[in-house]
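Okay, thanks for coming, everyone. Let me put the model up on the screen, and then we'll walk through it together.

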Amino acid sequence: MEHDKDTFEELLDNLKRQRDELRVQMHLAKLEAQEEWEEVEKKWDKLKPTLDTIRDETIESSKKIFTSLGSIAEEIESGYKRLKKHLE
């Protein structure tokens with residue numbers, strides 16, 4: 001019976017040691033994750049204004065392109081109408 005008690009105590013001590021080691025590792029992992037988060041956030045903070053600028057410029061460029069395409073489409077439509085008159 002004493003052997004069983006010693007084995008059980010040994011098992012509990014081993015589990016406690018593993019638990020303590022894991023707690024330290026978890027704490028360190030949280031610190032590493034926080035550091036990684038901060039590094040990624042710095043990159044995001046640098047990228048975000050550039051993305052906003054590109055988005056705004058792209059929207060403006062798109063408007064100009066669609067306006068130009070609309071003008072060309074109107075010219076083609078006028079050309080078709082002139083051709084149709086010649087064929088009547």
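Let's start with a question: how many residues apart in helix α1 are arginine 17 and glutamate 21? They are 4 residues apart, about one turn of the helix. Their side chains meet in a salt bridge, at 3.1 Å from N to O. By salt bridge I mean a side-chain nitrogen of Lys or Arg within 4 Å of a carboxyl oxygen of Asp or Glu. Arginine 17 is partly exposed at 42% relative accessibility, and glutamate 21 is partly exposed too, with 40%. For these labels, buried is under 20% relative accessible area, exposed is over 50%, and partly exposed is in between, with a 1.4 Å probe and protein chains only.

Quick housekeeping before I go on. This is a predicted model, so to speak about local features we need pLDDT of at least 70, side-chain atom pairs count only at pLDDT 80 or more, and totals for chains, interfaces and linings use all residues. Residues are numbered from 1 along each chain as its sequence is written, and side-chain values use heavy atoms, with hydrogens and water left out.

Now the overall picture. The protein has 1 helix and 0 strands; helices (H or I, at least four residues) and strands (E, at least two) are DSSP runs, numbered from the N terminus. Helix α1 covers residues 2–87. The C-alpha atoms fill a box of roughly 115 × 30 × 5 Å along the principal axes. The radius of gyration is 36 Å, where a compact globule of 88 residues would have one near 12 Å. That radius is taken over C-alpha atoms, and the globule rule is 2.2 Å times the number of residues to the power 0.38.

What percentage of the 88 residues count as buried? Just 1%. The accessible surface comes to about 8700 Å², with 60% of that belonging to carbon and sulfur atoms. Those areas come from the Shrake-Rupley method with a 1.4 Å probe, and for residues only the protein chains shown count as cover.

Back to charges. There are 17 positive and 23 negative side chains, and the centres of the two sets lie 11 Å apart. Here Lys and Arg count as positive, Asp and Glu as negative, while His and the chain ends are not counted. Each charge is placed at NZ of Lys, CZ of Arg, CG of Asp or CD of Glu. Side chains of opposite charge can pair when their charged atoms come close. A search of the whole structure finds 6 salt bridges.

Have a look at aspartate 52. Its salt bridge with lysine 48 has the closest N and O atoms 2.7 Å apart. Aspartate 52 also meets arginine 55, at 3.4 Å from N to O. Salt bridges that share partners join Lys48, Asp52, Arg55 and Asp56 into one network.

Last topic, surface patches. These are built from residues with over 30% relative accessible area and no salt bridge, joining like charges within 9 Å and nonpolar side chains (Val, Leu, Ile, Met, Phe, Trp, Tyr) within 5 Å. Asp6, Glu9, Glu10 and Asp13 form a negative one. Glutamate 9 is partly exposed at 36%. Then Ile65, Phe66, Leu69, Ile72, Ile76, Tyr80 and Leu83 make a nonpolar patch of about 760 Å². Within that patch, leucine 69 is partly exposed, with a relative accessible area of 47%.
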